[in-house]
Each structure stands twice: as structure tokens, then as C-alpha cells.
Amino acid sequence: MAEPGYEARKKAENQRASGNIDGAIETLEAYLYTDPHNCRVRMDLAKLYIVEKGDKDFGLVQLDAILDIDPDYDDARKALVSVLKNKKKYNKETEEHFDILLPKYPNDLALIHTYGTFCREQLLDFGKARECFEKCVQKEPDNVIFRLSLASLLINDLRLYKTGKEHLLVADKLQPYNKKTKDALRRLEKKKFQEDK
């Protein structure tokens with residue numbers, strides 16, 4: 001027997017895939033009218049609002065509702081910190097969510113990277129951000145996103161140009177077609193290393 005909401009989720013996914021975002025939202029909302037405590041359906045609805053419609057506020061309402069129904073629904077909490085990490089007014093709440101998630105998922109590199117970004121951009125705790133990014137790079141040395149985050153922190157915030165450049169060079173080797181990396185290397189070379197000569 002299929003789980004409750006399976007047919008609605010399947011129909012909504014087909015609608016989303018065909019570009020009918022409003023139809024997908026209507027399908028999920030109609031289902032939630034009959035089963036308001038279905039966290040999976042509500043999670044799909046939150047994603048549609050946040051990712052497809054760009055309506056983060058209504059998506060956050062859905063994620064909060066999920067956590068009210070099931071405080072252990074960690075996928076909703078992870079989605080919540082991904083959105084809240086960019087808004088300074090939610091720093092305290094965001095930190096509380098990270099305090100719950102990080103001990104539970106000490107090897108979730110995407111979560112650790114998100115926390116590093118939050119530490120860097122909102123808390124201005126560059127030491128903690130560096131710790132997070134270095135852990136990510138250590139565990140996945142070929143991940144260009146992790147390398148670029150670390151390089152950017154080292155160069156722009158900690159002024160460790162040589163170490164930052166080393167990470168940019170590794171990222172460039174991993175993805176020689178990445179224009180962002182090439183531009184960052186060119187700017188760094190022009191700004192810092194030519195001055196030093």
C-alpha cells in the first residue's frame with residue numbers, strides 16, 4: 001500500500017517537471033487540506049515555494065509548520081538553515097538550528113559548509129568558518145565549491161594570499177573550464193603578487 005500523499009506528490013512532481021508550478025502547488029495544497037500533518041507533502045510544497053517560486057517567506061512558514069508537527073524532521077531543519085543563513089535578523093534562530101543539527105550529522109559536509117558560510121557571512125567568525133571549510137576540503141579534496149569557499153575566505157577575510165592562491169590553483173586544475181576560478185586567480189595575481197614584486 002502506498003504511503004498517504006504518494007499520489008499527490010507524484011502528480012505534483014509531474015506537474016513541476018512539465019513547468020506547471022502553480023498546478024503542482026495547487027495539488028499539494030489540496031492534499032494538505034485533507035491531511036495537514038503530512039510532513040513529506042508539506043516539505044515538497046516548501047521546496048516549490050522556495051526554489052521554484054522564489055517565495056522564501058511562505059516556504060519558511062511551511063518548514064516551521066513541519067517542525068511544529070515533528071521537531072525531529074531534520075530535512076526541514078536543514079532546509080530552514082539554508083534559507084535563514086542569509087538573513088542577519090534570524091542569526092540567533094539559525095544558530096539554534098545548527099546547534100541541533102551539527103552534533104547529529106558530524107560528517108554531513110553540505111551542512112558543515114552551510115554552517116561555515118553562516119559563520120563567515122553573518123557571524124563574521126572567520127576562524128570558525130575556516131575550520132568548517134578546511135574540514136570539508138580535507139574530507140573531499142576534489143570538491144571545487146569547498147575549495148573556492150576556503151580560498152575566498154583566506155584571501156578576502158584572512159588576507160592569507162599565498163595559501164588562498166594554492167587552493168585556487170587546485171580548484172583550477174580540478175575544473176580548468178571554471179571562469180570564476182580563472183577570474184579570481186587573475187585578480188589575485190594582478191592585485192597582490194605583482195605588487196609584491
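**Notebook: a predicted all-helix chain**

I began with Lys162, which is found in helix H10. The model I consulted is predicted. Lys162 counts as exposed, because its relative accessibility of 62% is over the 50% cut-off. I then looked up its separation from Glu95: the two residues are 67 apart in sequence, and their C-alpha atoms lie 32 Å apart in space.

**Entry: overall layout**

I counted the secondary structure next. The chain holds 11 helices and 0 strands. Read along the sequence, the pattern is α-α-α-α-α-α-α-α-α-α-α. I noted the extent of the C-alpha trace as about 70 × 35 × 30 Å along its principal axes. Of the 197 residues in the chain, 43% are buried. I also looked up the contacts between residues at least 6 apart in sequence; 43% of these join residues at least 24 apart.

**Entry: helix H2**

I compared the length of H2 with expectation. The helix covers residues 21-34 and has 14 residues, which at 1.5 Å a residue should span 20 Å. I found 21 Å between its end C-alpha atoms, which agrees. Which residues of H2 are buried? I listed Ile21, Gly23, Ala24, Ile25, Thr27, Leu28, Tyr31 and Leu32. These buried residues pack against helix H1 (6-17) and helix H3 (39-52).

**Entry: helix H3**

I made the same inquiry for H3. Its 14 residues reach 19 Å from first C-alpha to last, close to the 20 Å expected at 1.5 Å a residue. The helix is mostly covered, with 10 of its 14 residues buried. The buried set consists of Cys39, Val41, Arg42, Met43, Asp44, Leu45, Ala46, Leu48, Tyr49 and Ile50. I recorded their packing partners as H1, H2, helix H4 (56-69) and helix H5 (74-84).

Val51 also has its place in H3. Is Val51 buried or exposed? I entered Val51 as exposed, because its relative accessibility is 62% and the cut-off for exposed is over 50%. I checked Val51 against Lys92 as well: they are 41 residues apart in sequence, with 24 Å between their C-alpha atoms.

**Entry: Asn91**

I turned to Asn91, whose place is in helix H6 (residues 91-104). Asn91 is buried, because its relative accessible area of 15% falls under the 20% cut-off. Which residues does Asn91 touch, not counting those up to four places away in sequence? I found Phe118, Gln122 and Leu123.

**Entry: positive phi in two loops**

I noted two residues other than glycine with a positive phi. Leu124 has phi near 55° and lies in the loop between helix H7 (109-123) and helix H8 (126-139). Leu124 counts as exposed, because its relative accessibility is 54% and the cut-off is over 50%. Arg159 has phi near 60°, and I located Arg159 in the loop between H9 and H10.

**Entry: cysteines**

How many disulfides does a search of the whole structure find? I recorded 0. Cys132 is in no disulfide, and the nearest cysteine sulfur, that of Cys119, is 5.2 Å away. A disulfide would need the two sulfur atoms within 2.5 Å, so this pair does not qualify. Cys136 is likewise in no disulfide; its nearest cysteine sulfur belongs to Cys132, 6.9 Å away. I then looked up the accessibility of both residues. Cys132 is buried, with a relative accessible area of 8%. Cys136 counts as buried at 0% relative accessibility.

**Entry: the largest pocket**

I closed with the largest pocket, which has a volume of about 350 Å³. Of the 15 residues that line this pocket, the closest to its centre are Ser152, Ile155, Asn156, Ala184 and Arg187. Which helices each supply at least two residues of the lining? I found helix H9 (144-157), helix H10 (161-174) and helix H11 (179-196). The largest share of the lining, 7 residues, comes from H11. By residue class, I entered 7 nonpolar, 3 polar and 5 charged residues in the lining.

Notes:
Residues numbered from 1 in each chain as written. Predicted model: local features only at pLDDT ≥ 70, side-chain atom pairs only at ≥ 80, totals over all residues. Heavy atoms only, no water. 1 Å grid on protein atoms, 1.4 Å probe; cavity = no way out; pocket = protein on both sides within 12 Å on 5 of 7 lines; lining within 4 Å. Points joined across faces, edges and corners; volume = space filled by probe spheres on them. Helix = DSSP H or I, 4+ residues; strand = E, 2+ residues; numbered from the N terminus. Nonpolar A, V, L, I, M, F, W, Y, C, P; charged D, E, K, R; others polar. Expected span 1.5 Å × (residues − 1). Buried < 20%, exposed > 50% of the residue type's maximum accessible area, 1.4 Å probe, protein only. Contact = heavy atoms within 4.5 Å.
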